[in-house]
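Q: I am new to this structure and would like a close look at a single part of it, followed by a connected account of what surrounds that part.

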Amino acid sequence: MSAGSGRRAAAAPRVLPAPRASKVELRLSCRHLLDRDPLTKSDPSVVLLLQSQSQWVQVDRTEVVRSSLHPVFSKVFTLDYYFEEVQKLRFEVYDTPGPCSLGCQDDDFLGGMECTLGQIVAQKKMTRALLLRFGRNAGKSTITVIAEDISGNNGYVELSFRARKLDDKDLFSKSDPFLELYRVNDDRSEQLVYRTEVVKNNLSPVWEPFKVSLCNLCSCEETRPLKCLIWDYDSRGKHDFIGEFSTTFEEMQKGVSLPIPVPQAQWDCVNAKYKQKKRHYKNSGVVILADLKFYRAHSFLDYIMGGCQIHFTVAIDFTASNGDPRNSCSLHYINPFQPNEYLQALVAVGEVCQDYDSDKRFSALGFGARIPPKYEVSHDFAINFNPEDDECEGIQGVVEAYQNCLPRVQLYGPTNVAPIISKVARMAAAEQRSGEASQYYILLVLTDGVVTDMADTREAIVRASHLPMSIIIVGVGNADFTDMQTLDGDDGVLRSPRGEPALRDIVQFVPFRELKSASPAALAKCVLAEVPRQLVEYYSYRELPPRGGGAHDREAGPPETAGPPGVQPASVSGVLEVP
């Protein structure tokens with residue numbers, strides 16, 4: 001349960017990394033709301049709606065702040081922000097008599113406000129008047145929305161607080177304490193980061209662990225001042241102030257990293273009024289940071305700079321539907337003045353990948369041809385005809401192997417891709433057993449038609465989705481590639497013929513003709529756009545940090561709750577990537 005209102009603008013913990021769009025967090029507060037309750041004050045909550053196809057769609061709702069006309073909401077709204085789109089938002093404030101839910105039928109409307117996400121982002125902090133139906137002002141009611149870009153955050157923190165011997169503010173029972181954590185901004189204003197639950201009738205409460213992004217907590221600045229306030233909860237919203245203390249994230253980390261029996265991080269909870277009036281006043285209790293875990297959100301560059309190599313494999317379609325390579329109409333025709341589509345796609349993607357492979361050696365495979373010496377059909381052969389070593393020196397080596405291969409093979413069929421996917425998957429499986437983020441595999445499949453072994457290909461992709469591997473399929477020529485889109489999980493989760501879903505979306509399919517007039521850089525950007533996200537998703541799922549990160553990159557265990565009063569120690573836990 002959330003405690004009542006605080007004094008400052010609200011924020012809440014949430015980290016949702018954004019590979020394509022910027023992530024924006026919105027924090028809300030209101031002032032001078034209308035009072036709809038005859039005996040008490042309104043119990044407000046805010047509903048967020050997003051306009052989609054000319055319809056308002058409810059996205060989320062804040063908690064209810066009991067008995068307050070000036071609420072500061074702890075709930076945070078996290079949205080994708082697209083610069084190129086007009087994203088219309090509507091905030092509606094309701095007096096909510098019962099438990100908060102997504103329905104608003106029984107709630108009294110206190111006012112609404114419309115704007116665009118771009119307006120909020122541009123202003124960072126926007127205050128608008130609340131309007132009733134038909135555009136009437138809701139008295140002096142206003143809503144303030146504060147935006148913060150969290151795209152560049154580098155993790156989140158799990159904090160566990162408890163207290164000891166807090167002042168008793170209740171006459172017939174003990175205090176019902178809750179804690180508020182604030183960040184002090186550059187302009188000395190204070191931003192609510194988190195509000196704990198209320199612990200009833202307890203002067204030595206143990207609050208539930210909570211998670212906040214490092215960006216929210218301290219703007220990713222470990223020395224930024226933080227302030228904690230302790231209150232005795234009152235159902236009418238008139239909470240009694242117990243005390244407060246100041247600290248920094250840096251101080252928190254040092255406190256919980258001290259070895260036993262050195263005291264862990266703890267602070268005197270001080271009420272300034274009591275300190276001024278009472279000569280022998282020491283504190284109004286002690287607040288203890290029982291545990292701190294830091295979870296790092298690793299990026300693609302973290303892994304690459306940590307030494308993760310990209311192993312690039314190209315697989316080329318040598319089926320008869322490509323046409324006789326000696327004919328200028330063939331997709332495999334070697335024109336000395338203009339590279340064919342196979343070569344264009346191969347070079348564009350390969351030149352990007354080669355920067356992430358230290359030995360610059362690339363596997364080059366073919367499928368769908370009869371190969372020497374017996375001229376039997378093969379769907380998994382080295383185009384350099386060395387079965388012991390299918391790697392070529394650099395991208396130029398792959399190009400030369402391809403050109404030398406064409407006159408030596410007979411184009412045949414069918415278009416079976418599953419054998420090559422399975423071959424690369426076996427290499428990726430061997431890498432997986434290393435238990436390190438050391439090598440990630442990219443398979444580029446160049447084909448002129450829809451694969452024949454679709455069922456086997458789906459099965460192979462689903463299995464590969466559990467491995468450090470991505471698959472890029474480029475459709476060459478003018479064939480109908482509609483069926484190939486099913487392999488790309490953008491429109492839904494790919495499933496094997498047995499119904500098993502892919503763990504990750506690892507396939508990107510692109511018809512070359514759609515980018516034929518674009519630059520090689522544009523082609524590479526299009527087909528490789530998903531790879532950074534896929535790599536980070538894999539290592540995040542496997543809970544593998546970048547290599548060479550040291551002690552702070554060790555995997556963190558499952559979240560632990562703070563122990564009972566009197567139990568000492570806790571330590572700074574390691575790092576866990578956020579998917």
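Which residue is the bridge partner of V47 in strand 3? Please start from there and work outwards through the neighbouring strands.

A: In this predicted model, V47 has R61 as its bridge partner in strand 3. The pairing to which these two residues belong joins strand 2 to strand 3, residues 55-61, through six bridges, and the two strands run antiparallel. Strand 2 and strand 3 also form a hairpin, with two residues between them, and in the turn Q53 has a positive phi of about 55°.

Strand 2, which covers residues 44-52, has a further pairing, with strand 5 (residues 88-95), and here seven bridges hold the two in the antiparallel sense. Within this pairing, L49 has R90 of strand 5 as its bridge partner. In a regular strand, the side chains alternate between the two faces of the sheet.

R90 leads on to another contact, since its side chain meets that of E114 in a salt bridge, with 3.3 Å from N to O. This pair links distant parts of the chain, for E114 lies in strand 6 (residues 108-116) and R90 in strand 5, 24 residues apart. The structure holds 29 salt bridges, to set that pair in context.

Elsewhere in the chain, three strands form an open sheet in the order 20-19-23, with antiparallel pairing. Strand 20 (376-378) and strand 23 (410-411) stand at the edges, and because each has a single partner strand, one side of each is left without a neighbour in the sheet. Strand 19, residues 369-371, is joined to strand 23 by two bridges and runs antiparallel to it, and R370 stands opposite Q410 of strand 23.

The helices offer a second kind of packing to look at. Helix 6 (residues 341-353) packs against helix 7 (residues 394-405) at an angle of about 160°, and their axes are 10 Å apart. An angle over 145 degrees counts as roughly antiparallel, which means that helix 6 is roughly antiparallel to helix 7. The crossing of helix 6 past helix 7 is right-handed. On the side of helix 6, the residues that meet helix 7 are Y342, L343, L346, V347, G350 and E351, and on the side of helix 7 they are I395, V398, V399, Y402 and Q403. Sorted by character, the residues of this contact between helix 6 and helix 7 comprise eight nonpolar, two polar and one charged.

How values were computed:
Residues numbered from 1 in each chain as written. Predicted model: local features only at pLDDT ≥ 70, side-chain atom pairs only at ≥ 80, totals over all residues. Heavy atoms only, no water. Pairing = 2+ DSSP bridges. Helix = DSSP H or I, 4+ residues; strand = E, 2+ residues; numbered from the N terminus. Axes fitted to C-alpha atoms, helices over the stretch in contact; angles between N-to-C directions. Parallel < 35°, antiparallel > 145°, perpendicular 65-115°, else oblique. Left-handed = near helix turned anticlockwise from the far one by under 90°. Contact = heavy atoms within 4.5 Å. Nonpolar A, V, L, I, M, F, W, Y, C, P; charged D, E, K, R; others polar. Salt bridge = Lys/Arg side-chain N within 4 Å of Asp/Glu carboxyl O.
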